[in-house]
Amino acid sequence: MVDFDCPACGAGAPLQVVATDRITCGPCSTARSFRQGQLYVITGSPGTGKSSVGRELAARLPLELVVLDSDLTSRPEHDSSEGAWFGFIDTWLRTAVGVAQSGHSLILVGYSMPHQWEHQALRHFLGPITYVALVCSDAELERRLRQRTWMGSQRERDSLIDLNRKFRARGDMTVIETDSQPPDAIADQILSIVRSTSQPPR
């Protein structure tokens, strides 16, 4: 369980001072135990292999990790505005904090951008976030998207190809090419990243 507001005086979440193993209320100094977990975000344009890689991760995941698909809580209204999408990300940030209280870290598979996490009001309740983007070449993504009969128009495909290019150019996340690598090999790379960045539970 996580009390984002102080259970003693009711002071709000922004006034809580978060450390790796405790939360201290700024106004009343009440301290409570806490685990500040880690989050691994596997993102990328549709068609780059996130779902396939997510299934591989779920099949081989160590006990200290939890893997979930962000589509579990996705609803059409989340695409209606930037505010609605930030609310969607807030739900998953809260989930990651909750998962950490059981001594686990969360691997979340699904589209998002770093600023959507880093600008959250409750960001300080969560420890390090590692971002991994799956990408592929324009030609390969075009081929994959054409196989999705529900994808729609060429304009829609072009917008996703442009999004994929933006992920390829980012310097604030690890970028993994999926053109010629099978999902199990990509899952191995991601788990290697997790092992190299994970902090021991407290």
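## Strand E4 and the largest cavity

Four bridges join strand E4 to strand E6 (residues 105–109), and the two run parallel. This is a predicted model. E4 itself spans residues 39–44. Within the pairing with E6, Leu-39 stands opposite Leu-106.

E4 also pairs with strand E7 (residues 129–135). That pairing is parallel too and has six bridges. Here Gly-44 of E4 faces a partner in E7, Leu-134, which stands opposite.

The table sets out the two pairings.

| Partner of E4 | Residues of partner | Sense | Bridges | Opposite residues |
|---|---|---|---|---|
| E6 | 105–109 | parallel | four | Leu-39 and Leu-106 |
| E7 | 129–135 | parallel | six | Gly-44 and Leu-134 |

Is E4 covered or open? E4 is mostly covered, with six of its six residues buried. Both faces are covered. One side holds Leu-39, Val-41 and Thr-43. The other holds Tyr-40, Ile-42 and Gly-44.

Now the empty space. How many cavities of 30 Å³ or more does a search of the whole structure find? It finds one. The largest cavity has a volume of about 30 Å³.

Which residues line the largest cavity? The lining consists of Ser-70, Phe-88, Ile-89, Trp-92, Leu-108, Gly-110, Tyr-111, Ser-112 and Trp-117. By class, six are nonpolar and three are polar. No charged residue takes part in the lining. Helix H2 (residues 82–100) gives the most to this lining, with three residues.

Key. Residues are numbered from 1 along each chain as its sequence is written. This is a predicted model: local features need pLDDT of at least 70, side-chain atom pairs count only at pLDDT 80 or more; totals for chains, interfaces and linings use all residues. Side-chain values use heavy atoms; hydrogens and water are left out. On a 1 Å grid over the protein atoms alone, a cavity is a set of points where a 1.4 Å probe fits but cannot get out, and a pocket is an open set with protein on both sides within 12 Å along at least five of seven lines; lining residues have an atom within 4 Å of a point. Grid points are joined across faces, edges and corners, and a volume is the space filled by probe spheres set on the points. Ala, Val, Leu, Ile, Met, Phe, Trp, Tyr, Cys and Pro count as nonpolar, Asp, Glu, Lys and Arg as charged, and the others, Gly among them, as polar. Buried means under 20% relative accessible area, exposed over 50%, partly exposed in between (1.4 Å probe, protein chains only). Two strands pair if DSSP finds at least two bridges between them.
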